[in-house]
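Trainee: I would like a close look at a single part of this model. Please take me through one helix and its surroundings.

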Amino acid sequence: MPTRVLIAEDEAIIRLDLRETLEEEGYEVVAETGRGDDAVRLVREVEPDVAILDIKMPGLDGLSAAREISAERRAAVLILTAFSQRELVEQARDAGAQAYLVKPFQRTELVPAVELALGRFQELKALAEQARSLEDQLETRKIVDRAKGVLMDDHNLAERDAFSFIQRTAMRERLTMKVVGEQVLAGDLRPEPG
(Lines give C-alpha, C1' and ligand atoms only; values in the text may rest on other atoms or scores of the structure.)
Protein backbone atom coordinates (compact mmCIF):
# COMPACT_ATOMS: atom_id res chain seq x y z
CA MET A 1 0.00 0.00 0.00
CA PRO A 2 1.30 3.48 -0.81
CA THR A 3 2.12 5.91 1.97
CA ARG A 4 -0.92 8.11 2.66
CA VAL A 5 -0.23 11.86 2.88
CA LEU A 6 -2.21 14.88 4.03
CA ILE A 7 -1.13 18.28 2.71
CA ALA A 8 -1.91 21.44 4.69
CA GLU A 9 -0.61 24.48 2.79
CA ASP A 10 -2.51 27.74 2.34
CA GLU A 11 -0.95 28.55 -1.04
CA ALA A 12 -2.88 26.59 -3.66
CA ILE A 13 -0.04 26.53 -6.20
CA ILE A 14 2.37 24.99 -3.67
CA ARG A 15 -0.32 22.52 -2.59
CA LEU A 16 -0.80 21.47 -6.23
CA ASP A 17 2.95 21.14 -6.75
CA LEU A 18 3.27 19.02 -3.60
CA ARG A 19 0.38 16.77 -4.71
CA GLU A 20 1.84 16.25 -8.19
CA THR A 21 5.34 15.54 -6.87
CA LEU A 22 4.12 13.14 -4.20
CA GLU A 23 1.82 11.26 -6.59
CA GLU A 24 4.61 10.98 -9.18
CA GLU A 25 6.78 9.46 -6.44
CA GLY A 26 4.13 6.85 -5.58
CA TYR A 27 2.53 8.47 -2.53
CA GLU A 28 -1.25 8.71 -2.13
CA VAL A 29 -2.52 12.18 -1.23
CA VAL A 30 -5.63 11.45 0.85
CA ALA A 31 -6.54 15.02 1.88
CA GLU A 32 -5.62 18.65 1.27
CA THR A 33 -6.44 21.84 3.10
CA GLY A 34 -5.27 25.41 3.43
CA ARG A 35 -6.12 25.67 7.13
CA GLY A 36 -4.38 24.31 10.21
CA ASP A 37 -7.58 23.56 12.13
CA ASP A 38 -8.90 21.58 9.15
CA ALA A 39 -5.59 19.69 9.01
CA VAL A 40 -6.04 18.45 12.59
CA ARG A 41 -9.64 17.41 11.89
CA LEU A 42 -8.69 15.70 8.62
CA VAL A 43 -5.82 13.78 10.24
CA ARG A 44 -8.35 12.35 12.71
CA GLU A 45 -10.81 11.50 9.92
CA VAL A 46 -8.61 10.09 7.13
CA GLU A 47 -5.69 8.82 9.24
CA PRO A 48 -2.78 9.58 6.89
CA ASP A 49 0.70 8.21 7.49
CA VAL A 50 2.25 11.67 7.12
CA ALA A 51 0.91 15.21 7.54
CA ILE A 52 2.82 17.92 5.66
CA LEU A 53 2.07 21.20 7.42
CA ASP A 54 2.98 24.72 6.38
CA ILE A 55 3.85 26.88 9.38
CA LYS A 56 1.81 29.93 8.40
CA MET A 57 -1.85 29.01 7.86
CA PRO A 58 -5.20 30.49 8.84
CA GLY A 59 -7.29 28.84 11.52
CA LEU A 60 -4.37 27.28 13.34
CA ASP A 61 -0.71 27.67 12.50
CA GLY A 62 1.34 24.63 11.49
CA LEU A 63 3.22 24.44 14.80
CA SER A 64 -0.02 24.34 16.82
CA ALA A 65 -1.48 21.76 14.44
CA ALA A 66 1.73 19.72 14.73
CA ARG A 67 1.45 19.81 18.53
CA GLU A 68 -2.10 18.43 18.43
CA ILE A 69 -1.34 15.75 15.83
CA SER A 70 1.86 14.67 17.60
CA ALA A 71 0.20 14.56 21.02
CA GLU A 72 -2.30 12.05 19.65
CA ARG A 73 0.40 10.10 17.75
CA ARG A 74 -1.82 9.96 14.70
CA ALA A 75 0.66 10.70 11.91
CA ALA A 76 4.23 11.66 11.18
CA VAL A 77 4.59 15.43 10.85
CA LEU A 78 6.70 17.21 8.25
CA ILE A 79 6.86 20.99 8.67
CA LEU A 80 7.08 23.06 5.50
CA THR A 81 8.09 26.70 5.73
CA ALA A 82 9.75 29.57 3.94
CA PHE A 83 11.85 30.26 7.04
CA SER A 84 14.95 28.40 8.17
CA GLN A 85 15.88 30.25 11.34
CA ARG A 86 17.26 28.01 14.06
CA GLU A 87 14.59 29.17 16.52
CA LEU A 88 11.83 28.10 14.14
CA VAL A 89 13.47 24.72 13.56
CA GLU A 90 13.62 24.20 17.33
CA GLN A 91 9.98 25.23 17.70
CA ALA A 92 9.01 22.71 15.01
CA ARG A 93 10.96 19.98 16.80
CA ASP A 94 9.38 20.90 20.14
CA ALA A 95 5.93 20.82 18.50
CA GLY A 96 6.56 17.19 17.58
CA ALA A 97 7.61 17.53 13.95
CA GLN A 98 9.78 14.65 12.77
CA ALA A 99 11.22 16.53 9.79
CA TYR A 100 11.50 20.01 8.33
CA LEU A 101 11.63 21.29 4.76
CA VAL A 102 12.37 24.86 3.65
CA LYS A 103 10.53 26.43 0.69
CA PRO A 104 11.31 26.69 -2.10
CA PHE A 105 12.32 23.04 -1.95
CA GLN A 106 13.76 20.87 -4.68
CA ARG A 107 11.74 17.85 -5.75
CA THR A 108 14.71 15.69 -4.75
CA GLU A 109 14.45 16.98 -1.15
CA LEU A 110 10.77 16.13 -0.63
CA VAL A 111 10.90 12.33 -0.64
CA PRO A 112 13.86 12.08 1.79
CA ALA A 113 12.10 14.53 4.14
CA VAL A 114 8.85 12.50 4.01
CA GLU A 115 10.74 9.23 4.58
CA LEU A 116 12.72 10.75 7.45
CA ALA A 117 9.49 11.92 9.11
CA LEU A 118 7.96 8.46 8.66
CA GLY A 119 11.01 6.66 10.02
CA ARG A 120 11.26 8.89 13.09
CA PHE A 121 7.52 8.60 13.73
CA GLN A 122 7.67 4.79 13.58
CA GLU A 123 10.60 4.82 16.02
CA LEU A 124 8.61 7.01 18.42
CA LYS A 125 5.58 4.74 18.18
CA ALA A 126 7.74 1.67 18.82
CA LEU A 127 9.34 3.32 21.86
CA ALA A 128 5.93 4.33 23.22
CA GLU A 129 4.63 0.78 22.70
CA GLN A 130 7.69 -0.64 24.45
CA ALA A 131 7.16 1.75 27.38
CA ARG A 132 3.49 0.71 27.59
CA SER A 133 4.52 -2.94 27.52
CA LEU A 134 7.02 -2.39 30.32
CA GLU A 135 4.38 -0.53 32.36
CA ASP A 136 1.96 -3.44 31.83
CA GLN A 137 4.62 -5.93 32.89
CA LEU A 138 5.37 -3.95 36.04
CA GLU A 139 1.65 -3.61 36.84
CA THR A 140 1.15 -7.36 36.31
CA ARG A 141 4.07 -8.15 38.57
CA LYS A 142 2.70 -5.91 41.33
CA ILE A 143 -0.76 -7.49 41.14
CA VAL A 144 0.62 -11.04 41.06
CA ASP A 145 2.89 -10.28 44.03
CA ARG A 146 -0.03 -8.86 46.03
CA ALA A 147 -2.22 -11.85 45.08
CA LYS A 148 0.56 -14.23 46.18
CA GLY A 149 0.64 -12.39 49.51
CA VAL A 150 -3.12 -12.88 49.95
CA LEU A 151 -2.84 -16.58 49.11
CA MET A 152 0.09 -16.98 51.51
CA ASP A 153 -1.62 -15.07 54.36
CA ASP A 154 -5.23 -16.21 53.97
CA HIS A 155 -4.72 -19.76 52.64
CA ASN A 156 -1.38 -20.67 54.20
CA LEU A 157 0.28 -21.38 50.86
CA ALA A 158 4.02 -21.27 50.39
CA GLU A 159 5.16 -18.55 47.97
CA ARG A 160 6.00 -21.13 45.29
CA ASP A 161 2.55 -22.76 45.66
CA ALA A 162 0.78 -19.39 45.56
CA PHE A 163 2.57 -18.50 42.32
CA SER A 164 1.86 -21.97 40.91
CA PHE A 165 -1.86 -21.59 41.73
CA ILE A 166 -2.03 -18.25 39.88
CA GLN A 167 -0.08 -19.61 36.90
CA ARG A 168 -2.09 -22.86 36.60
CA THR A 169 -5.40 -21.02 36.95
CA ALA A 170 -4.39 -18.55 34.24
CA MET A 171 -3.46 -21.37 31.85
CA ARG A 172 -6.57 -23.46 32.65
CA GLU A 173 -8.99 -20.53 32.34
CA ARG A 174 -7.09 -18.94 29.42
CA LEU A 175 -6.69 -15.70 31.33
CA THR A 176 -3.69 -13.52 31.97
CA MET A 177 -1.91 -13.85 35.29
CA LYS A 178 -2.87 -10.22 35.92
CA VAL A 179 -6.59 -11.04 35.63
CA VAL A 180 -6.23 -14.09 37.90
CA GLY A 181 -4.31 -11.96 40.41
CA GLU A 182 -7.07 -9.34 40.33
CA GLN A 183 -9.67 -12.08 40.97
CA VAL A 184 -7.68 -13.32 43.98
CA LEU A 185 -7.37 -9.76 45.32
CA ALA A 186 -11.12 -9.16 44.86
CA GLY A 187 -11.88 -12.38 46.79
CA ASP A 188 -13.55 -13.95 43.76
CA LEU A 189 -10.97 -16.72 43.42
CA ARG A 190 -9.43 -18.93 46.07
CA PRO A 191 -7.77 -22.33 46.10
CA GLU A 192 -9.88 -25.38 46.86
CA PRO A 193 -9.28 -26.53 50.43
CA GLY A 194 -7.43 -29.75 50.69
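Mentor: What follows is about helix H3 and the residues at its two ends.

This is a predicted model, in which local features need pLDDT of at least 70 and side-chain atom pairs count only at pLDDT 80 or more, while totals for chains, interfaces and linings use all residues. Residues are numbered from 1 along each chain as its sequence is written, and side-chain values use heavy atoms, with hydrogens and water left out.

Helix H3 covers residues 62-71; helices (H or I, at least four residues) and strands (E, at least two) are DSSP runs, numbered from the N terminus. Its buried residues are Gly-62, Leu-63, Ala-65, Ala-66, Ile-69 and Ser-70, where buried means under 20% relative accessible area with a 1.4 Å probe, protein chains only. Seen down the axis of H3, these buried residues fall within an arc of 155 degrees, so they line one face of the helix. The arc is that of the directions from the helix axis to the C-beta atoms.

The cover over the buried residues of H3 includes two helices, H2 (36-46) and H4 (86-94). Strands S3 (50-54) and S4 (76-81) are also included in that cover. Contact here means heavy atoms within 4.5 Å.

Now the ends. At the N-terminal end, H3 is capped by Asp-61, which has a side-chain oxygen 2.9 Å from the backbone nitrogen of Leu-63. Leu-63 is also one of the buried residues of H3. Just after H3 comes Arg-73, with a positive phi of about 50 degrees.

Note on methods. Buried means under 20% relative accessible area, exposed over 50%, partly exposed in between (1.4 Å probe, protein chains only). A polar contact is a pair of N or O atoms within 3.5 Å; within protein, one must be able to donate a hydrogen and the other to accept it, and residues adjacent in sequence count only if both atoms are side-chain atoms.
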